[in-house]
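Open your viewer, switch on the cartoon and keep the selection box handy. We will take this one stop at a time.

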Amino acid sequence: MAGFKLRLRSLPFDTQVFSYHLDGDFFNRVEKTEVRSSSVDITLEVTRKTENTYVIQMACKGWLIIPCDRCLDDLTLDVDTDYRITVRHEGDELDDSRDGVLLVPEAWSELDMTELMRDTVLLTIPIVHCHADGECDPEMMAHLDEHWTDTEPDAEGPSDEVEDLSESDKSDDAIDPRWEALRKLKDNN
Ligand SMILES: [Zn+2]
């Protein structure tokens with residue numbers, strides 16, 4: 001991890017470029033994520049503006065493999081994102097509450113970039129991520145279809161209504177119309 005530390009205080013007053021490569025289990029080292037594999041090149045352009053201020057331009061390019069939401073098989077996501085942040089030595093505490101500005105304690109001579117790189121890349125993962133239509137693992141899809149057909153009526157939740165009806169009416173004939181529709185659907189399959 002030492003390789004991801006920027007030695008801020010030692011930087012000259014101009015722009016320096018640093019390159020890193022994130023692969024293997026980088027995204028699972030601190031805590032487990034859904035990333036199964038990765039290869040991401042990071043380029044940091046660090047410009048020291050003043051004694052205490054640095055502008056960091058981060059470019060991330062590569063790919064991640066994560067499970068598809070639909071079939072759980074490997075899904076490759078391209079990573080191509082940039083992030084710009086101003087880092088300033090100020091006070092005694094780390095403060096990352098502002099957008100685009102990171103305040104680091106004056107006593108720090110180094111800044112560990114691990115978390116910034118990690119978060120910047122992980123934020124590119126869309127909330128819903130699936131293979132294109134028709135490209136999911138067919139075996140897994142067949143298996144999941146079976147599973148859903150078996151469990152759908154319970155999962156939909158109207159069973160509570162049915163119980164309430166039978167308790168209050170004491171009538172065996174009372175059937176929630178939604179249940180009826182679901183049963184028909186199921187019989188037709
Ligand atoms: Zn899929």
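In which strand is Asp-82 found? Select residues 74–89 and you have the answer, strand 5. Bear in mind throughout that this is a predicted model.

**Stop 1: along strand 5**

Show Asp-82 as sticks, together with Gln-57, Met-58 and Ala-59, which Asp-82 touches once residues up to four places away in sequence are set aside. Now add Ile-42 and draw a C-alpha to C-alpha distance: Asp-82 and Ile-42 are 9.5 Å apart in space, with their positions 40 residues apart in sequence.

Stay on strand 5 and pick Val-79, which is found there too. Is Val-79 buried or exposed? Its relative accessible area is 3%, so Val-79 counts as buried. Light up its surroundings next: leaving aside neighbours within four places in sequence, Val-79 is in contact with Val-40, Cys-60, Lys-61, Gly-62, Trp-63, Leu-64, Val-121 and Thr-124. For Thr-124, the C-alpha to C-alpha distance from Val-79 is 6.9 Å, although the two are 45 residues apart in sequence. Click on Cys-60 as well; with 0% relative accessibility, Cys-60 is buried.

**Stop 2: the nonpolar core**

Next, select Val-40, Ile-42, Leu-44, Val-87, Met-113 and Met-117 and show them as spheres. These residues have the most contacts inside the largest nonpolar core, which holds 31 residues. Colour the contributors if you like: strand 2 (15–23), strand 3 (37–48), strand 4 (53–67), strand 5, strand 7 (101–104) and helix 1 each supply at least two residues of this core. Strand 4 gives the largest share, 6 residues. As background, nonpolar side chains tend to be buried together in soluble globular proteins.

Zoom in on Met-113. Beyond its neighbours within four places in sequence, Met-113 is in contact with Phe-4, Leu-6, Leu-44, Ile-56 and Met-58.

**Stop 3: helix 1**

Select residues 114–122, which form helix 1. Which residues of helix 1 are buried? They are Thr-114, Leu-116, Met-117, Arg-118, Thr-120 and Val-121. Turn the view to see what these buried residues pack against: strand 2, strand 3, strand 4, strand 5 and strand 8 (111–112).

Arg-118 deserves a click of its own. With a relative accessibility of 8%, Arg-118 falls under the 20% cut-off and therefore counts as buried. Follow its side chain, which reaches the backbone oxygen of Phe-27 at 3.3 Å. Phe-27 is also among the contacts of Arg-118 outside its neighbours within four places in sequence, along with Phe-26, Val-30, Glu-31 and Thr-33.

**Stop 4: the zinc ion**

Finally, centre on the zinc ion. Which protein atoms are its donors? Show Cys-68 (SG), Cys-71 (SG), His-131 (ND1) and Cys-136 (SG), which lie 2.1 to 2.4 Å from the ion. Read along the sequence, the donor residues follow the spacing C-x2-C-x59-H-x4-C.

Why is the arrangement around the zinc ion tetrahedral? The 4 donor atoms subtend angles of 102 to 119°, and four donors count as tetrahedral if all angles lie between 85 and 135 degrees. For reference, the ideal angle for four tetrahedral donors is 109.5 degrees.

Before you leave, check the cysteines here. Cys-68 and Cys-71 are buried, and Cys-136 is buried too, at a relative accessible area of 12%. If you search for disulfides, the structure holds 0.

Notes. Residues numbered from 1 in each chain as written. Predicted model: local features only at pLDDT ≥ 70, side-chain atom pairs only at ≥ 80, totals over all residues. Heavy atoms only, no water. Donors = N, O, S within 2.8 Å, 3.2 Å for Na, K, Ca; no water. Tetrahedral: all angles 85-135°; square planar, octahedral: opposite > 155°, others 65-115°. Buried < 20%, exposed > 50% of the residue type's maximum accessible area, 1.4 Å probe, protein only. Helix = DSSP H or I, 4+ residues; strand = E, 2+ residues; numbered from the N terminus. Polar contact = N/O pair within 3.5 Å; in protein donor to acceptor, adjacent residues only side chain to side chain. Contact = heavy atoms within 4.5 Å. Disulfide = S-S within 2.5 Å. Core = buried A, V, L, I, M, F, W, Y, C linked by side-chain atoms within 4.5 Å.
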